[in-house]
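Trainee: I'm new to this structure and would love a close look at one part of it. Could you walk me through a single pocket and then what surrounds it?

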Amino acid sequence: MKRLFLILAVAVFAVSSAMAQAVHTPTMGKTGIRLYNHPSHRTEIILPQVKGYNIYKGDFHVHTIYSDGEVTPRERVREAWYDGLDIIALTDHLELRSYEKFMLKAHAPYNPDGKPYEYIRGGAGHKTDPTTPIYCDLDATYEEAVMYKEKENIPVMVVRGTEIWRNARTIGEYNAFFLKDITDVAKPDIIESLKEARKQGAIIIHNHPGWRRNTMDKSPEQEEIYAQKLVDGIEVIGGTGPTLYPQMIDRCVNEKLTIFSNTDTHRTSAQYYPRGGEIFRSMTFIMAKECTEKAIKEALLDRRTIGYAANNLIGEEMWLSEFLNAAVECKVVAETKKGDRTFQLTNHCSVPFVFRRGNTLYTLNPFHSLRVNFGKNKETGVYKTPKFIVENMWTVGDKHPALTIQIDK
Ligand SMILES: [Zn+2]
């Protein structure tokens with residue numbers, strides 16, 4: 001009993017001294033004591049090199065106060081850095097600008113007659129009217145973000161984009177990014193808008209394809225858009241409560257389109273993904289040589305992506321297997337008397353893996369190791385290599401892939 005108390009006392013001391021480290025040294029000012037100095041904090045998401053490529057982390061769908069978001073462009077840039085991203089595309093709606101009404105009112109005193117311009121609401125959601133007059137400069141979001149990023153030297157690539165939002169039940173929504181001029185994309189006809197985006201060299205993705213729809217089949221309007229080769233990728237995972245559309249993995253593979261996972265965040269990401277939590281914001285992992293516009297565009301068009309959302313990884317089986325094998329080190333550490341081998345698996349990346357073997361689940365947490373035994377193949381007498389169903393990976397056919405982990409040489 002005495003001994004247990006001693007152990008507890010040591011444990012309490014260890015915990016309290018660890019907490020003490022988190023308390024910052026106060027700084028004496030002339031009139032007050034600053035209890036905490038507040039440097040900026042970034043969550044570093046450590047990912048492996050895969051097939052000679054670095055993995056860059058991008059979110060290609062966010063909104064700001066210049067459409068219906070609640071965050072300024074500059075805060076989006078800071079937030080992207082805090083959240084561990086390398087790339088962010090600002091994609092305010094072409095047609096839906098809820099804050100415009102307030103801005104028109106606020107700026108009324110500067111108008112010649114002192115009255116606010118008439119605000120004509122385009123209508124919410126599926127009734128959005130593309131002929132709504134545009135009073136604002138649609139490129140202002142991007143320009144403000146870039147100006148701020150350069151001034152503060154924030155190492156996040158900011159991409160000029162927009163969300164084209166028409167009838168959700170028939171046409172759907174599309175993001176175009178790496179644009180040159182957003183205002184030019186605003187055209188009444190969706191095909192004309194997408195063609196203009198294409199002309200500007202943009203990448204175009206079909207957003208949250210199941211949203212406000214009863215089927216995942218293409219509508220006639222969507223058939224037309226796809227047939228005209230106006231789609232490069234699909235938001236297979238979308239939204240702040242991330243929704244996975246499993247059939248879209250198949251569509252991406254069958255039609256050679258790129259898999260994306262984006263937040264479509266309208267409020268601050270801190271609301272949805274608490275800082276210091278085990279789940280990062282949804283993002284697209286991009287396997288590219290370097291973080292330049294050219295290399296990232298090339299990687300996206302070459303479909304070198306994996307979608308990440310809530311510690312799930314979504315992609316083509318080949319890339320999932322490459323990712324797993326790049327992240328996990330596998331060593332034979334012992335042989336048992338029964339003739340089994342003991343393998344030690346070490347996860348060197350920030351994403352956990354959930355392995356299933358029969359009815360047994362193993363979670364290999366980030367920067368942890370686990371040991372597992374595998375015997376010989378009864379027929380061939382050859383030692384087995386660790387193979388699992390990876391429960392937090394999703395691939396074609398709405399299934400979790402069965403992947404082998406190669407033994408490190
Ligand atoms: Zn959106």
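How do the residues of the lining of the second largest pocket divide into nonpolar, polar and charged?

Mentor: Happy to. This is a predicted model, in which local features need pLDDT of at least 70 and side-chain atom pairs count only at pLDDT 80 or more, while totals for chains, interfaces and linings use all residues. Residues are numbered from 1 along each chain as its sequence is written, and side-chain values use heavy atoms, without hydrogens or water.

To your question: the lining has seven nonpolar residues, no polar ones and five charged ones (nonpolar: Ala, Val, Leu, Ile, Met, Phe, Trp, Tyr, Cys, Pro; charged: Asp, Glu, Lys, Arg; polar: the others, Gly among them). The pocket holds about 200 Å³ of space (an open set of 1 Å grid points where a 1.4 Å probe fits, with protein on both sides within 12 Å along at least five of seven lines; lining residues have an atom within 4 Å of a point; volume is the space filled by probe spheres on the points).

Now find the residues themselves. Tyr142, Val146, Lys149, Met157, Val158, Val159, Arg160, Phe178, Leu179, Lys180, Glu293 and Lys297 make up the lining. At least two of these residues come from each of α4 (140–152), β5 (157–165) and α9 (293–301) (DSSP runs numbered from the N terminus: helices, H or I, at least four residues; strands, E, at least two). The top contributor is β5, with four residues.

Strand β5 also leads us onward. Helix α5 (residues 190–199) has buried residues (under 20% relative accessible area; exposed is over 50%, partly exposed in between, with a 1.4 Å probe and protein chains only) that pack against β5, as well as β6 (173–177), β7 (203–206) and α6 (220–227). Those buried residues of α5 are Ile190, Ile191, Ser193, Leu194, Glu196 and Ala197. Just past this helix, glycine 201 takes a positive phi of about 80°.

Next, look at Met157, one of the lining residues. Met157 is also in contact with aspartate 86 (heavy atoms within 4.5 Å). Besides Met157, and leaving aside neighbours within four places in sequence, aspartate 86 touches Arg42, Ile55, Tyr56, Lys57, Pro155, Val156 and Cys291. Aspartate 86 sits in the loop between α2 (73–82) and β4 (87–93), and with a relative accessible area of 14% it counts as buried.

Two other loops make a nice contrast. Lysine 51, between β2 (33–34) and β3 (54–62), has a positive phi near 50° without being a glycine; its relative accessibility of 51% counts as exposed. Arginine 212, in the loop between β7 and α6, is likewise not a glycine and has a positive phi of about 60°. Arginine 212 is partly exposed, at 38% relative accessible area.

Finally, step back. The protein has ten helices and 21 strands, and 47% of its 409 residues are buried. Among contacts between residues at least 6 apart in sequence, 65% join residues at least 24 apart. One residue that shows such contacts is leucine 313: setting aside neighbours within four places in sequence, leucine 313 is in contact with residues including Phe285, Tyr308, Phe323, Val351, Phe353 and Trp394.
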